[in-house]
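Here are my notes on the model you sent over. I've kept them as numbered points so you can follow along with the structure open.

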Amino acid sequence: MGLLDTLMGHAGEKDIADLHDEFGPLLAPGEVLQRAFGFVRDLIVFTDRRMIIVDKQGVTGKKTSYLSIPYRAIVMYSVETAGHFDLDSDLRIWVSSQAEPITRALGRGTGARDIIAILAQATR
């Protein structure tokens, strides 16, 4: 992923080895990081058990929110792909017992397709 793609907010795959220090304390015993996609400061991380949405907040990004969604709780998901003049793709995930979906802007590029493919495999 190039610097321009990162600045534009496009999803790009991150190296799992670089994330072990940050996510090690968050994982259950035996849980394995599988893939991760980064945006300007945010991440979507997939393990063998769940999806973790990381939202870094504030100017410095020190305040971080981790939203853990077990695959078994995902009822439905959709992606609205980027049009010709639209720079964003939007991911919507409906979680059981929640009326409103969780929505994240993914950006243009292969990240949206890869994320949907992972969700299709994990929620089958």
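**Notes on the fold and a few side chains**

1. Let's start in the sheet with E8: Leu91 stands opposite Arg104 in that strand. The two strands involved, E7 and E8, are antiparallel and joined by four bridges. Keep in mind throughout that this is a predicted model.

2. Now the turn that links them. E7 and E8 make a hairpin with six residues between the strands, and in it Ser97 takes a positive phi near 70°. That is a residue to click on if you like checking backbone angles.

3. What is the strand order in this sheet? It reads E6-E7-E8, three strands in an open sheet with antiparallel pairing. E6 (74-80) and E8 (102-105) are the edge strands, each pairing on one side only. From one strand to the next the twist averages 15°.

4. On the other side of E7 (residues 90-95), the pairing with E6 is again antiparallel and runs over six bridges. Two pairs to look up: Glu80 sits opposite Asp90 of E7, and Ser78 has Arg92 as its bridge partner.

5. Which residues of E7 are on its covered face, and which on the uncovered one? Leu91, Ile93 and Val95 make up the covered face, while Asp90, Arg92 and Trp94 are on the uncovered one. As background, side chains in a regular strand alternate between the two faces of the sheet. Note that Trp94 falls on the uncovered face, alongside Asp90 and Arg92.

6. E3 (residues 43-47) is another story. Five of its five residues are buried, so the strand counts as mostly covered. Both faces are covered: Leu43, Val45 and Thr47 are buried on one side, and Ile44 and Phe46 are buried on the other.

7. What does E3 pair with? On the E2 partnership, five bridges join E2 to E3 and the strands run antiparallel. Phe37 has Ile44 as its bridge partner in E3. The two strands form a hairpin, with four residues between them.

8. E3 also pairs with E4 (residues 50-57), again in the antiparallel sense, over four bridges. Here Val45 stands opposite Ile52 of E4, and the hairpin connecting E3 to E4 passes through two residues. As a general reminder, strands of a sheet pair through backbone hydrogen bonds, either parallel or antiparallel.

9. Next, an acidic residue worth a look: is Glu31 buried or exposed? Its relative accessible area is 9%, which is under the 20% cut-off, so Glu31 counts as buried. Glu31 lies in the loop between helix H2 (20-23) and strand E2 (33-38).

10. Where does the Glu31 side chain go? It reaches the backbone nitrogen of Ala28 at 2.9 Å, and it makes a polar contact with the side chain of Thr47 at 2.7 Å. Thr47 is one of the buried residues of E3. Not counting residues up to four places away in sequence, Glu31 touches Leu26, Thr47, Asp48, Arg49 and Arg50.

11. Compare a second acidic residue, Asp42, in the loop between E2 and E3. Its relative accessible area is 27%, which lies between the 20% and 50% cut-offs, so Asp42 is partly exposed.

12. What does the Asp42 side chain reach? It gets to the backbone nitrogen of Lys56 at 3.0 Å. Asp42 and Lys56 are 14 residues apart along the chain, yet their C-alpha atoms are separated by 5.8 Å. Leaving aside neighbours within four places in sequence, Asp42 is in contact with Phe37, Val54, Asp55 and Lys56. Phe37 is also the residue that bridges to Ile44 in E3.

13. Stepping back to the whole protein, there are three helices and eight strands. Along the sequence they follow the pattern α-β-α-β-β-β-β-β-β-β-α.

14. Last, some totals. Of the 124 residues, 34% are buried. The accessible surface comes to about 7,400 Å², and 53% of that belongs to carbon and sulfur atoms. Among contacts between residues at least 6 apart in sequence, 35% join residues at least 24 apart.

Conventions. Residues numbered from 1 in each chain as written. Predicted model: local features only at pLDDT ≥ 70, side-chain atom pairs only at ≥ 80, totals over all residues. Heavy atoms only, no water. Buried < 20%, exposed > 50% of the residue type's maximum accessible area, 1.4 Å probe, protein only. Polar contact = N/O pair within 3.5 Å; in protein donor to acceptor, adjacent residues only side chain to side chain. Contact = heavy atoms within 4.5 Å. Pairing = 2+ DSSP bridges. Axes fitted to C-alpha atoms, helices over the stretch in contact; angles between N-to-C directions. Areas by Shrake-Rupley, 256 points an atom, 1.4 Å probe, with all protein chains shown as cover.
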